[in-house]
Number of protein chains: 2
Amino acid sequence: MRKTKVSINKEKLHASSEVLRAIAHPLRMKILEFIDQNEEINVNKIYNTLGLEQSITSQHLRILRTAGLVNTQRDGKYIHYSIDYGKIEESVVAIQRFLH
Amino acid sequence: MRKTKVSINKEKLHASSEVLRAIAHPLRMKILEFIDQNEEINVNKIYNTLGLEQSITSQHLRILRTAGLVNTQRDGKYIHYSIDYGKIEESVVAIQRFLH
DNA sequence: TTAATACTTTGCAAATATGCATTTTTTATT
DNA sequence: AATAAAAAATGCATATTTGCAAAGTATTAA
């Protein structure tokens, strides 16, 4: 239990839970893991390698994008996805700071 | 990006997402925070202090219990809740190990 | 043993998330 | 300009989660 009471503001609490919710899905975790393991990866590679539907993949990528967990960069007709490690670290730290 | 490809087994991936899903809810985060700040806390205190419905509180506590995030100990008609810090740490480490 | 308190469980409606097929948008190629 | 490929967005059915009220269980106290 924490000795010094730190009141966490509501916005941050909510923001953290948004990020966590985005991570907390089996498919999205798989996708995140795959992006992590392959630098400069495009959507095609993601759904073909993981054996997912294109539209489902795109949907989940949108959720990850909205949560700020991944960044995109267009290269011609391809869109490369990469992980925003800062954001991940941030949310992990948030949990740790929140409960320790 | 990770250099050494570590294949994370599916059970662990799924287990992690279960725990994260349990954490990733504004109300549950509030409850977790409150339990963290008050050692030996009972359900009454939780929902009265946080201004929640009794049954809703109980429901979310069940979710936290099932996920293994909190432990309970009955003391007469009161049930004391405490946080399983090991489990929290475990899931945080899981994310970090999973993506770094 | 009756009543009261603390907590859990259940049933159900409303909200949200998910999966899938289809359409749309963007860019490259011919 | 027409076609093709990559990715996003949309519409809709199904599944899951949530909140709430009511009923059930356990323990204490009168």
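α4(B) gives the most to the surface near DNA strand C, six residues. This is a predicted model, so please take the distances as computed from it. The other elements that each supply at least two residues there are α3 (43-50) and β3 (78-83) of chain B, together with α4 of chain A.

Which residues come nearest to strand C? Of the 24 around it, they are Gln59(A), Asn44(B), Gln54(B), Ser58(B) and Tyr81(B). Tyr81(B) also has a side-chain N or O atom 2.6 Å from a phosphate oxygen of strand C. Two further phosphate contacts: Val43(B) uses a backbone N or O atom, at 3.1 Å, and Arg65(B) uses a polar side-chain atom, at 3.5 Å. Of the strand C atoms within 4 Å of the protein, 69% are sugar or phosphate, and the rest belong to bases.

Now strand D. Here α4(A) has the largest share of the nearby surface, with six residues. At least two residues each come from α3 (43-50), α4 (54-66) and β3 (78-83) of chain A, and from α4 (54-66) of chain B. The nearest of the 24 residues around strand D are Asn44(A), Tyr81(A), Arg21(B), Gln59(B) and His60(B). Sugar and phosphate make up 71% of the strand D atoms within 4 Å of the protein.

What does Gln54(A) contact on strand D? A base nitrogen, 2.8 Å from a polar side-chain atom of Gln54(A). Lys77(A) places a backbone N or O atom 3.3 Å from a sugar or linking oxygen. From chain B, a polar side-chain atom of Arg28(B) lies 3.4 Å from a phosphate oxygen.

Last, composition. The surface near strand C has five nonpolar, 11 polar and eight charged residues. For strand D, the counts are five nonpolar, 11 polar and eight charged.

Methods
Residues are numbered from 1 along each chain as its sequence is written. Chains are lettered from A and ligands numbered from 1 in the order in which they are written. This is a predicted model: local features need pLDDT of at least 70, side-chain atom pairs count only at pLDDT 80 or more; totals for chains, interfaces and linings use all residues. Side-chain values use heavy atoms; hydrogens and water are left out. A residue is near a molecule or strand if one of its heavy atoms lies within 4 Å of it. A polar contact is a pair of N or O atoms within 3.5 Å; within protein, one must be able to donate a hydrogen and the other to accept it, and residues adjacent in sequence count only if both atoms are side-chain atoms. Helices (H or I, at least four residues) and strands (E, at least two) are DSSP runs, numbered from the N terminus. Ala, Val, Leu, Ile, Met, Phe, Trp, Tyr, Cys and Pro count as nonpolar, Asp, Glu, Lys and Arg as charged, and the others, Gly among them, as polar.
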